[in-house]
Amino acid sequence: MLELRKDIFADERDDNLKEIGKGTQRQDMLGHVTGTSTYFDDHKLQGMLHLKVLRSPHAHARLRRIDTMEAERSPGVRRIIRGADVPVNLNTLLSLINFGKDDEPSLAVDKVRYKGEPIVAIVADSPREAFEAMAKVRVDYEPLPAVFDVEDALKPGAPVVNDVYPKNTFVYHDVYDHQKLRFGDVERGFAEADHVLEQRYQMSPIEHAPTETNGSIAAPDTNGRYVVYTSTQALFFSLDTSAKILDVPSNTFHFIGGTVGGGFGGKVDTLTEPLAILGAMLTGRPVRYQLGREEEMQFGSPRGAERIYIKDGVMRDGRIVARKIRAYFDSGAYTRLSSYAVVKCVAHLPGPYTIPNVHGDVYCVFTNRTPATAMRGFGVTAMDFALECQMDKLAHLVGMDPMEFRILNAYRDGDMKAHRREAKNTALIECVQVAAEKAKWPLREEVKRMSSRKDGGGSRAAISPTPLEPAPQRAAVSQQRTSYDRAPPATIQQPSPPTPTPPAPPPPRPQAPSPSHGAARFSSVFGTRRR
Amino acid sequence: MTKTPLQFRHNGRDVAVFVDGGINLLVALRELIGDMTPKFGCGQGGCGACSVLIDGEVHLSCLTLAETVNGRSIETLDGLKDGPNLHPLQRAFMEQFAAQCGYCTPGMLMAAKALLDRNPSPTRAEVIEAISGNICRCTGYEPIINAVLTAATSGRARA
């Protein structure tokens, strides 16, 4: 146990951390009300240049030719940046934790895969001169068939959105085109159920619409490094991503941020920093790259749309006996964070309810839409919308009060969750009771007396027999090593050691990765515990 | 490109700059005067983050041509406090927790100041109307409305 010498600071701070109900002031409030809080764009640097990006007007097209000759000669232009100028022009955000393959260029080279995809960056003395030069760039597009619907994207013969994933699905553990959950036997559950209800739910993409658009200013520092003022929500994540894309050690950068004009998940994607820094490297001048509002909407990732099918079996007395879910996350043209959203979603199934038979299949699907990313509970929010709509419909079907129906099916301490973990510290029953009370919603006395701490476990702690499914063929291991993995060169070149034959279900675990940063510590992303 | 000389009052001080034809007041204030309190949010009059007062009336500086303010008086959040003393609106915003990310706050405060200057005792509906052009995406409208009403009360108490 670490000994803290609190006596040194005893007169400066007490150990009373009880803050709830006290109304403690935000530390940044004075800056906010006086306008002195410094956002990234509030830095005015001598000789600052402005970077603007030419974007694809097509959802899917081959780039036959990009002609920047005339634009180069346009007044005020300092530098035009093309894909070939980006040191590592392929990245995926979660490659920092060895999750997924690099699939997204900073500037498109051969193809564009969504409307708004960056193609050429122009660095000029003023935004206006950058826009004038942009109008002089000639791009010869060959439009390709596009796919905008998640289920269409999975049909045979669908256009391949992202060549890194030719089946239009993210690939988990080099094998699986989706994430699975299997607990008990849903088909037997449906056969025994008094009612079966199958429904389809569809969410739209949702734009974060922060009042401050994404942006950053990068400038050569006095010590050979680069200082970067940024709107990012994830300072070190953005720093490491920039280091990978620009192929330099991460201590090349001094990132300054923290004052963010609204993020909500939409400022984790490192959308602007790499090009702003590259512009500063190529011109030796400070470079500002700020998205306009239209770019924020078209290029800045939204919350991904989800399509969800739920089939439930319910008894006349209100017990849900089987729940089968098939869902598709629309990742857009690139992965960004949708692969992780799917892992979270499956971890959340079947909602906070004790159901003896659960079957879940959730896909991360590529379409020619704007890539999706994090947003407030992503992966869980839309699924909860669908699940709770379904709960109301089921309650109606069996003629029960919807509040009481939830209390009846809620997890209780000691129950077995579909993930084969015991439910602990559950509180849904109490939450519904309080919500009912606040809403003056009448509950029967016996329901008011129910508790998360009573009547759990026992038969509710059982794992129903689960039918085995054949294990899929494991393809050659392709979890990539990237230049960011600064392991000794010999191990970069060699594929990881072969995997032992996976046991037929439970699903095979991913092979232990060759030693690299992060992978073990962030194992929750992989859905299994490593080491 | 020919530049146009431009003089106006900025928070009570005379300023003079040369501007390119066609630039907006927001750019002139931020890049030429160095007043970073008005914010860029959309550049198309949709969000209100760039709100400033021109001769006491609230305007969107991103849609105002800089050349049109020659000889006029501009107020921004930078001039709201009186020396070290916060304006009642600023104190009320702090006390009522009326800012989260803070990016809409400069525009909100200027819209609220324009309201209280012409109507020291607004109703709740009048406050809502006055800030209806200002978007708070952290959706903290209720504390903002309460703060403006609180400031109106404290302002009257002082008068």
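**Exercise 1. Decide whether A:Thr230 is buried or exposed, and describe its surroundings.**

Solution. In this predicted model, A:Thr230 has a relative accessibility of 1%, and because buried means under 20%, the residue counts as buried. The next step is to place the residue in the fold: A:Thr230 is found in strand E10 of chain A, which covers residues 226-230. Its side chain has a polar atom that lies 2.8 Å from the backbone nitrogen of A:Thr232. Finally, leaving aside the neighbours within four places in sequence, A:Thr230 is in contact with A:Phe40, A:Gly215, A:Ser216, A:Leu235, A:Phe255, A:Ile256, A:Gly257 and A:Glu273.

**Exercise 2. Work out which parts of chain A are tied together by the salt bridge of A:Lys267 and A:Glu212, and state whether each partner is buried or exposed.**

Solution. Begin with the distance: the closest N and O atoms of A:Lys267 and A:Glu212 are 2.7 Å apart, and a salt bridge requires them to be within 4 Å. A:Lys267 lies in the loop between strand E11 (253-256) and helix H7 (273-283), while A:Glu212 lies in the loop between strand E8 (195-202) and strand E9 (215-220), so the pair ties together parts of chain A that are 55 residues apart in sequence. As for accessibility, A:Lys267 counts as buried at 1%, and A:Glu212 counts as buried at 0%.

**Exercise 3. Carry out the analysis for the salt bridge of A:Glu187 and A:Lys324.**

Solution. The side chains of A:Glu187 and A:Lys324 meet at 3.2 Å, N to O. A:Glu187 belongs to helix H5 (residues 186-192) and A:Lys324 to strand E14 (residues 320-332) of chain A, so this pair ties together parts that are 137 residues apart in sequence. With regard to accessibility, A:Glu187 is partly exposed at 43%, and A:Lys324 is partly exposed at 27%.

**Exercise 4. Explain how B:Asp117 and B:Lys113 are placed within helix H3 of chain B, and give the accessibility of each.**

Solution. The side chains of B:Asp117 and B:Lys113 meet in a salt bridge of 2.7 Å, N to O. Because the two residues are four residues apart in helix H3 of chain B, about one helical turn separates them. B:Asp117 is partly exposed, with a relative accessible area of 47%, whereas B:Lys113 is buried, with a relative accessible area of 12%. Turning to salt bridges that share partners, one network joins A:Asp41, A:Asp42, A:Arg288, B:Arg30 and B:Lys39. Over all chains, the structure holds 47 salt bridges.

**Exercise 5. Characterise the interface of chain B and chain A by its residues, its buried area and its polar pairs.**

Solution. First, count the residues: chain B brings 32 residues to the contact and chain A brings 33 residues. Second, consider the area, which is about 2600 Å² buried between the two chains, with carbon and sulfur atoms giving 58% of it. Of the area that chain B buries against chain A, B:Met94, B:Tyr103 and B:Arg137 supply 25%, more than any other three residues. Third, turn to the charged and polar pairs: there are three salt bridges between chain B and chain A, and A:Asp41 and B:Arg30 meet in a salt bridge at 3.4 Å, N to O. Across the interface, 16 residue pairs are in polar contact, with both residues at pLDDT 80 or more.

Fourth, assign the side of chain B that touches chain A to secondary structure: helix H1 (25-33), helix H2 (88-95) and helix H3 (105-118) of chain B each supply at least two residues to it. H2(B) gives the most, with four residues. By class, this side of chain B has 17 nonpolar, nine polar and six charged residues.

**Exercise 6. Explain why H2(B) is described as largely enclosed by the rest of the structure.**

Solution. Start from the buried residues of this helix, which are B:Pro88, B:Leu89, B:Gln90, B:Ala92, B:Phe93 and B:Met94. Six of the eight residues of H2(B) are therefore buried, and the helix is largely enclosed by the rest of the structure. After H2(B) comes B:Phe97, whose phi is positive, near 55°.

**Exercise 7. Describe residues 34-145 of chain A by annotation and by secondary structure.**

Solution. An unreviewed UniProt entry places the feature "domain: Aldehyde oxidase/xanthine dehydrogenase a/b hammerhead" at residues 34-145 of chain A. Over these residues the chain is 12% helix and 30% strand, and the end C-alpha atoms are 52 Å apart.

Definitions and conventions
Residues are numbered from 1 along each chain as its sequence is written. Chains are lettered from A and ligands numbered from 1 in the order in which they are written. This is a predicted model: local features need pLDDT of at least 70, side-chain atom pairs count only at pLDDT 80 or more; totals for chains, interfaces and linings use all residues. Side-chain values use heavy atoms; hydrogens and water are left out. Contact means heavy atoms within 4.5 Å. Buried area is the accessible area (1.4 Å probe) that two parts lose on being put together, summed over both. A polar contact is a pair of N or O atoms within 3.5 Å; within protein, one must be able to donate a hydrogen and the other to accept it, and residues adjacent in sequence count only if both atoms are side-chain atoms. Ala, Val, Leu, Ile, Met, Phe, Trp, Tyr, Cys and Pro count as nonpolar, Asp, Glu, Lys and Arg as charged, and the others, Gly among them, as polar. UniProt positions are given in the numbering used here, feature names are shortened, and annotations may be inferred rather than shown by experiment. Buried means under 20% relative accessible area, exposed over 50%, partly exposed in between (1.4 Å probe, protein chains only).
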